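Student: I am new to this structure and would like a close look at one part of it. Please take the charged pairs as the starting point and then go on to the packing around them.

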Amino acid sequence: MKDVLERESKWAVDRDFTLPRLDDLVANSRIEEAPVELTSTYFDTAERDLLAHDLTLRRREGDDESGWQLKIPHSHGRVEVTAQLSDELPHELAEVVNGAALGRPLNAVARVHTLRRRHRILGSDGELIVEIDDDTVDSTVADRPAELVAWREVEVELGPHTNKVPAILRDRLAEAGARESSYPSKLSHVLPERSGPAVTSSRAEHALHEYMTTQIDLIFVGDVGLRRGEEPIHDTRVATRRLRSTLRVFGKLLDRCAIGEIDNELKWYAALLGDIRDCHVQRRRLADELNALPPELILGPVAARIDATLLDRQLPSRNALAEAMNSPRYLRLLATLQTWKSQPPIERRIRRRQLVKRARRAADKADRRLMTALRNQRHESLHRARKAAKRARYAAELYEPLRKPARAKSNIKYYKKIQRLLGDCNDSVVSTEFLWRTATAAGTAGGENGFTYGLLYANEMHASESARQSVAEVAGGE
């Protein structure tokens, strides 16, 4: 398979639209112009689950660009994953979208036929600067083959080293009557929109639903990334934590029947992610500490042993996650979260004061747990205080749109700092335990000894104490 970052804009035009002059858009350039005919068959579930996450999967045949193509949203556009043309959907692409499809079968949902007049503006070195495609499109939907939908549009796609559409091109398109399209893809032009979320009757309900939906979207984004071999572990895990925190802090305002066991299921999934994330954190943390030591204090293959030990732990965890992500249990979890986007588990009308009240309770609980932890200095207390600080922070994020911005941002900043410092303390504790076990093994191996591990251990103990002192200073300043 091949990945290409696609950055394009679409423009709606009338049937009699005339493309403006293009030969003088870029100095020292030339234009290659050619007609292209393309036929694309789009695949999705009967419920349009891929389209709900802005994923488009198609089998394309034509003068060029033939093959299977999956388009995935990206912060700078869309990533197009391509595979060779075949009669059957390639297994690799089917696996990438299995979570978003909720494990449901994929079938042809629409056919789009395009007559394209392609204009490629090339630099003096032959590299693509920008491509302008004048498309005449006709399409049919699988369940309504007799109904033909036709339109004309212009696509502007940037070359690999072009940062934005040339202003002169945008101006000329607008002057010629082109309008930026409201459809992100040809498929979205053809298929009806999925039913959106229920109309909320209060700003509080809207804030609650928007926050939950944001986390659900991030979990689905993480699912696709993980299936592509990427490592969106941290962002996905944080999204599960934010969603769990919302269910706990604001649970009495939600429909308990609709929530069911989702909190436990999110906890299960977060634990799978956490096993991998802990290895990432320790590998990076200890590598940085080793790099900071003078070479004469590193006795033996310390870096190699640490890396190998953590990798031996990470690989089984990654395999366990991959297995879980294709299990009925995980797909049921995703199906419930997908349902919440359009049918939020809100049992009754929610008012602003109810959200604020529960957010304050979360903050008070975090403050009490922090004071307890600072008094007894026990690791278990510090860990509980960190979890409570997270919930207080996430609750403040949720109700931020309903409060004075300065006050909400102040609360978020405070609890984020407490969370970070307590997290540093926890990471140090985890590191000391790991270093002790690793030093024990190294001490009995030929050509190795425990000196450097002991030095790292002492540094981690110092870092833990420093983090606790910083927490006390921050808490005392409030």
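How many salt bridges does the count come to?

Tutor: The model is a predicted one, and the count comes to 53 salt bridges. Three of these pairs can be taken in turn.

In the pair E8 and K10, the two side chains meet with N and O 3.9 Å apart. The burial of the partners can be read from their relative accessible areas. E8 has 23%, so it is partly exposed. K10 has 8%, which means it is buried, the limit for that being under 20%.

The pair K186 and E155 has its closest N and O atoms 2.6 Å apart. This salt bridge links distant parts of the chain, since K186 lies in helix 4 (residues 186–190) and E155 in strand 9 (residues 144–158), with the two positions 31 residues apart. Both K186 and E155 are buried.

R285 pairs with E289, and here the closest N and O atoms are 3.8 Å apart. Both residues belong to helix 8 and sit 4 residues apart, so about one helical turn separates R285 from E289. R285 and E289 are both buried.

Helix 8, which spans 262–292, leads on to the nonpolar packing, as it supplies at least two residues of the largest nonpolar core. That core has 48 residues, and those touching the most other members are F250, Y269, L321 and L337. Other helices that each supply at least two residues include helix 6 (233–249), helix 10 (328–342) and helix 12 (379–399). Helix 5 gives the largest share, 9 residues. In soluble globular proteins, nonpolar side chains tend to be buried together.

L337 shows what such contacts look like for one residue. Leaving out residues up to four places away in sequence, L337 touches I216, I219, F220, L243, I262 and L266. Another core lies apart from the largest one; it has 19 residues, among them A373, L422, A467 and V474.

Helix 9 is also one of the helices supplying the largest core. Helix 9 (residues 302–324) packs against helix 14 (residues 451–476) with the axes 10 Å apart and at an angle of about 70°. An angle of 65 to 115 degrees counts as roughly perpendicular, so helix 9 is roughly perpendicular to helix 14. At this contact, V302, R305 and I306 of helix 9 meet T452, Y453 and L456 of helix 14. Sorted by class, the contact has 4 nonpolar residues, 1 polar and 1 charged.

Methods:
Residues are numbered from 1 along each chain as its sequence is written. This is a predicted model: local features need pLDDT of at least 70, side-chain atom pairs count only at pLDDT 80 or more; totals for chains, interfaces and linings use all residues. Side-chain values use heavy atoms; hydrogens and water are left out. Axes are lines fitted to C-alpha atoms, for helices over the stretch in contact, and angles run from 0 to 180 degrees between N-to-C directions. Angles under 35 degrees count as roughly parallel, over 145 as roughly antiparallel, 65 to 115 as roughly perpendicular and the rest as oblique. Contact means heavy atoms within 4.5 Å. Ala, Val, Leu, Ile, Met, Phe, Trp, Tyr, Cys and Pro count as nonpolar, Asp, Glu, Lys and Arg as charged, and the others, Gly among them, as polar. A nonpolar core is a set of buried Ala, Val, Leu, Ile, Met, Phe, Trp, Tyr and Cys residues joined through side-chain atoms within 4.5 Å. Buried means under 20% relative accessible area, exposed over 50%, partly exposed in between (1.4 Å probe, protein chains only). A salt bridge is a side-chain nitrogen of Lys or Arg within 4 Å of a carboxyl oxygen of Asp or Glu.
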